[in-house]
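Colleague: I am new to this one. Could you take me through it, one question at a time?

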Amino acid sequence: MTTPYEPLRPTRGPVGELLAPVAGFGVTFASMFRPAVTEEYPRRKTPPQTRFHGRHQLNRYADGLEKCIGCELCAWACPADAIYVEGADNVDAVDGAPEAHMSPGERYGRVYQINYLRCIFCGLCIEACPTRALTMTNDFELAGPTRAGMIYEKQDILAPLAQGMLAAPHPMVEGTTDTEYYRGEVTAPTAEQVEWVREHRPDDATLDAAAAVVAGDAPAPEPEQHELRPDQDRAAAERAAAHESNLDGRWTEREARA
Ligand code: SF4
Ligand code: SF4
């Protein structure tokens, strides 16, 4: 004997049946009295959560040398095959000046590409990086009109030189190895590095600021890491001001929780 069908949902009464055709409008009607949560992007940009994984960044040490050593571990760790790295010897960075370094140690990343059409922002590459050269910023505005343009080159993700850093290539801080760099014992460019750059690139735009740091007339540079670029900092300040005037207040609550 078969069991009669019993619907799990309660059957409507006569009034429910009468209102059924317009019941869906109840959701619409109720929503009319709720605060609007429309994000007015791009006029107002909602800051992502603090641990949001966005565009990558290749970081620098305080004297301006790059942290990337071109080891390709990030490329091997990437499940989407989105990273392409070509390393090169530091001695080849500048012809005739074998002491020139782009990064501490023997090698540096000569070519570095990330294909953002492939990247799934999993963060495995930054976990694999042995020097903490590669991190991810909060920059989420990754779009473009061409496929080729979505392949970011090294110059697109390399951290800008902070005030007081000396542009590479130049020698490592005298008497140090890459281990001292990794331990954070290099905190500013030195007089020898400034003199080397003055001799080989007298027109280098970073010379004066680095010389001021060496002379003690300016504070030591603070390497940028896990932070937004300066123009995005300004945008973040504008967003914060906009949020204060946001009567809804939902996003402010969300940031407070973050
Ligand atoms: S975040 Fe993930 S997918 Fe993107 S480049 Fe890194 S490892 Fe590859
Ligand atoms: S970013 Fe890190 S893991 Fe990738 S090549 Fe450079 S040093 Fe190696």
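What follows is a short exchange about this predicted model.

Colleague: How many helices and strands does the protein chain have?
Modeller: The protein chain runs to 258 residues, of which 23% count as buried. Its secondary structure comes to 10 helices and 5 strands.

Colleague: What is the mean pLDDT of the protein chain?
Modeller: Start with the share of residues that reach 70 or more, which is 83%. The mean pLDDT of the chain is 85.

Colleague: In which helix is confidence lowest?
Modeller: Confidence is highest in helix H3, residues 73–77, at a mean of 98. The lowest mean is 44, over residues 250–257. Those residues form helix H10.

Colleague: How many contacts does the stretch 244–258 have beyond near neighbours in sequence?
Modeller: Two stretches fall below 50 in pLDDT. One is residues 227–231, with 6 contacts beyond near neighbours in sequence. Where pLDDT is low, the predicted coordinates should not be read in detail. The other is residues 244–258, also below 50, and its count in the model is 12 contacts.

Colleague: What share of the contacts with a separation of 6 or more joins residues 24 or more positions apart?
Modeller: This figure is for the protein chain, and it takes only contacts with a separation of 6 or more. Residues 24 or more positions apart account for 74%.

Colleague: Which residues come nearest to ligand 1?
Modeller: There are 13 residues around ligand 1. By class, 12 are nonpolar, 1 is polar and none is charged. The nearest are Cys-78, Ala-80, Cys-119, Cys-122 and Cys-125.

Colleague: What is the largest C-alpha distance among the residues annotated as "binding site"?
Modeller: The label comes from an unreviewed UniProt entry and covers Cys-78, Cys-119, Cys-122 and Cys-125. They are spread over 48 residues of sequence, yet they cluster in space. The largest C-alpha distance is 10.3 Å.

Colleague: Is Cys-119 buried or exposed?
Modeller: Cys-119 sits in the loop between strand E3, residues 107–115, and H4. Leaving out residues up to four places away in sequence, Cys-119 touches Ala-80, Ala-82 and Ile-114. Cys-119 has 20 C-beta neighbours inside 10 Å. A residue with 20 or more is buried, so Cys-119 counts as buried.

Colleague: And Cys-122, which class does it fall in?
Modeller: Cys-122 is also in the loop between E3 and H4. Cys-122 has 14 other C-beta atoms within 10 Å. That count lies between the limits of 12 for exposed and 20 for buried, so Cys-122 is partly exposed.

Colleague: How many residues of the shell around ligand 2 are charged?
Modeller: Ligand 2 has 14 residues around it, and Cys-68, Cys-71, Cys-74, Cys-129 and Leu-134 come nearest. The shell has 10 nonpolar and 3 polar residues. The charged residues number 1.

Colleague: How far apart in space are Ala-128 and Cys-74?
Modeller: Ala-128 lies in helix H4, residues 124–128. Beyond its neighbours within four places in sequence, Ala-128 is in contact with Leu-73, Cys-74 and Ala-77. Ala-128 and Cys-74 are 54 residues apart in sequence. From C-alpha to C-alpha, the distance is 5.6 Å.

Colleague: Which class of exposure does Ala-128 have?
Modeller: Count the other C-beta atoms within 10 Å of Ala-128, and there are 17. Buried needs 20 or more, and exposed needs 12 or fewer. Ala-128 is therefore partly exposed.

Colleague: Which residue does a cis peptide bond join to Ala-168?
Modeller: One cis peptide bond joins Tyr-41 and Pro-42, with omega about 5 degrees. Pro-42 lies in the loop between helix H2 (25–31) and strand E1 (56–58). For Ala-168, omega is also about 5 degrees, and the partner is in the loop between helix H5 (154–157) and helix H6 (178–182). That partner is Pro-169.

Colleague: What is the phi of Arg-132?
Modeller: Arg-132 is in the loop between H4 and strand E4, residues 134–136. Arg-132 is exposed, because it has 12 other C-beta atoms within 10 Å. Arg-132 is not a glycine, yet its phi is positive, at about 60 degrees.

Colleague: Is Asp-81 buried or exposed?
Modeller: Asp-81 is found in the loop between H3 and strand E2, residues 83–89. Asp-81 has a positive phi of about 55 degrees, though it is not a glycine. With 11 C-beta neighbours inside 10 Å, Asp-81 counts as exposed.

How values were computed: Residues numbered from 1 in each chain as written. Chains lettered and ligands numbered in written order. Predicted model: local features only at pLDDT ≥ 70, side-chain atom pairs only at ≥ 80, totals over all residues. pLDDT = per-residue confidence, 0-100. Helix = DSSP H or I, 4+ residues; strand = E, 2+ residues; numbered from the N terminus. Contact = placed C-beta atoms within 7 Å. Near = placed C-beta within 6 Å. Nonpolar A, V, L, I, M, F, W, Y, C, P; charged D, E, K, R; others polar. UniProt positions renumbered as here; feature names shortened; annotations may be inferred.
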